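Welcome! Take a moment to look over the model below before reading on, and keep it in view as we walk through it together.

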There are 2 protein chains.
Amino acid sequence: MNFDRIYMALLHYPVYNKTGEVVASSITNHDLHDLARLNATFGLAGYFIVCPLELQRKLAGRLIQHWLTGPGAEQNWTRKEAFQRASVVAELAEVKNAVREQTGQGPKLVATTARGAGGQIGYRALRDKMDQEAGQSWLILFGTGWGLTREFLDQEADYLLKPILGSGDYNHLSVRSASAIILDRLFAIDRTAD
Amino acid sequence: MNFDRIYMALLHYPVYNKTGEVVASSITNHDLHDLARLNATFGLAGYFIVCPLELQRKLAGRLIQHWLTGPGAEQNWTRKEAFQRASVVAELAEVKNAVREQTGQGPKLVATTARGAGGQIGYRALRDKMDQEAGQSWLILFGTGWGLTREFLDQEADYLLKPILGSGDYNHLSVRSASAIILDRLFAIDRTAD
């Protein structure tokens, strides 16, 4: 697996809200931190926070700068290190461009969802693909709110990962929990050991 | 796996702070929600928030009641359902007693840590044990702050799980991410499918 070519992004648009409307969601402080730490733990090439709301992006940028170069950098090096590969941008096109600039190639997009559907790819199958196509750039997409819209998934995703299933009907993990599980299933080096 | 006999607890004492002192940590709103959702997703029997600080327990209790019986119950049923098996208590002894009352048997304690050490058990090995000893009660312990103290782990844990390893040296996941990964590795029903 070529981790230098694998990126992740947290999308705040287009996602559903609780009542099924398509909205831009607000940026959550704990999402910034937890996903940046996941990106650092699994050694991925970069983490993009994507939000069309300018004020939200400014706030997220200030939070990240606090930990990178502000008082936080002295206070907690684990946050500084986690945020070193984090960027805040307005839309997905910017992420694709950034990956293309950094790797010389546009990424294949892997989307995630809590809803089962036909044609979804399993974790082992995707790992095998990523191993086989080590020269390829990849971008894993996570949605906030009640998940990325069907239209977006249909139009943008090269692959759609199978949802995480528990033992019952409850199927409402936070994006922090879901992204942790998904990245672990795809990228943990000790997965097969035991 | 007998999920009716498997419990989880989030411990706010005794844990290290950043400088290595042993402290009682504050309760974090996102921990309450994310771990309650994990508990519901994987169908475990109960989730205990353990904190010796009385004011913190009162605050957590009020937050949970808001989603169980307050205005939140109408507003978001996924939070209501997640919190139905959550309890806030002062110390680990209360958790053990509650499990003993509910299952007729004190639990075996499985602790988690980010630090590698000798004698730790792997995920597959623990799953096998839990499958074989299906009549046994189990309690999975997660620590806040910079992790459960060595003394506590030595004295209390029947088993200590191996830490989660990424591809590099960075080893600072949030307890929200770590608990998601650990529960998935132990309890996901589709783990072996792909």
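Let us begin inside chain B, where strand β1 (residues 6-11) and strand β4 (residues 46-50) run parallel and are joined by five bridges. One of these pairs Tyr7(B) with Gly46(B) in β4(B), and another pairs Leu11(B) with Val50(B). Bear in mind as you look that this is a predicted model.

Strands of a sheet pair through backbone hydrogen bonds, either parallel or antiparallel. On its other pairing, β4(B) joins β5(B) in the parallel sense, over four bridges. Here Phe48(B) has Ser87(B) as its bridge partner in β5(B). Is β4(B) mostly covered or mostly open? It is mostly covered, with four of its five residues buried.

**The whole sheet**

Now step back a little. In chain B, six strands form an open sheet in the order β5-β4-β1-β7-β6-β8, and the pairing is parallel. Which strands stand at the edges? They are β5 (86-89) and β8 (159-160) of chain B; each has a single partner strand, so one side of each is left without a neighbour in the sheet. A helix also meets this part of the sheet: α2 (residues 54-68) of chain B lies across β4 and β5 of chain B, and runs at about 165° to β5(B).

**A helix to follow: α1 of chain B**

Next, find α1(B), which has 13 residues. From its first C-alpha to its last this helix reaches 19 Å, close to the 18 Å expected at 1.5 Å a residue. Eleven of the 13 residues are buried, so the helix is mostly covered, since a residue counts as buried if 20 or more other C-beta atoms lie within 10 Å of its own. Among the buried residues are Leu32(B), His33(B), Ala36(B) and Arg37(B). After the helix comes Gly43(B), whose phi is positive, near 65°.

What does α1(B) pack against? Its partner is helix α8 (residues 175-187) of chain B, at an angle of about 10° and with the axes 10 Å apart. That angle makes α1(B) roughly parallel to α8(B). From α1(B), the contact uses His30(B), Asp31(B), Asp34(B), Leu35(B) and Leu38(B). From α8(B), the contact uses Val175(B), Arg176(B), Ser179(B), Ala180(B) and Leu183(B). By class, the residues of this contact divide into five nonpolar, two polar and three charged. An α-helix has 3.6 residues a turn, so residues three or four places apart point the same way.

**The helix pair in each chain**

Chain A has an α1 and α8 pair too, with axes that come within 10 Å and cross at roughly 10°. These two helices, α1(A) and α8(A), are therefore roughly parallel to each other. Their contact includes Leu35(A) of α1(A) and Ala180(A) of α8(A). The table sets out the classes of the contact residues in each pair.

| Helix pair | Nonpolar | Polar | Charged |
|---|---|---|---|
| α1(B) with α8(B) | five residues | two residues | three residues |
| α1(A) with α8(A) | five residues | two residues | three residues |

**Where the chains meet**

Finally, look between the chains: 36 residues of chain A are in contact with 37 residues of chain B. On the chain A side, α1 (29-41), α4 (77-83), α6 (123-132) and α8 (175-187) each supply at least two residues. Which helix gives the largest share of that side? It is α1(A), with seven residues. By class, the side of chain A that touches chain B has 14 nonpolar, 13 polar and nine charged residues.

Notes. Residues numbered from 1 in each chain as written. Chains lettered and ligands numbered in written order. Predicted model: local features only at pLDDT ≥ 70, side-chain atom pairs only at ≥ 80, totals over all residues. Axes fitted to C-alpha atoms, helices over the stretch in contact; angles between N-to-C directions. Parallel < 35°, antiparallel > 145°, perpendicular 65-115°, else oblique. Contact = placed C-beta atoms within 7 Å. Nonpolar A, V, L, I, M, F, W, Y, C, P; charged D, E, K, R; others polar. Expected span 1.5 Å × (residues − 1). Buried ≥ 20, exposed ≤ 12 C-beta atoms within 10 Å, placed from the backbone. Pairing = 2+ DSSP bridges.
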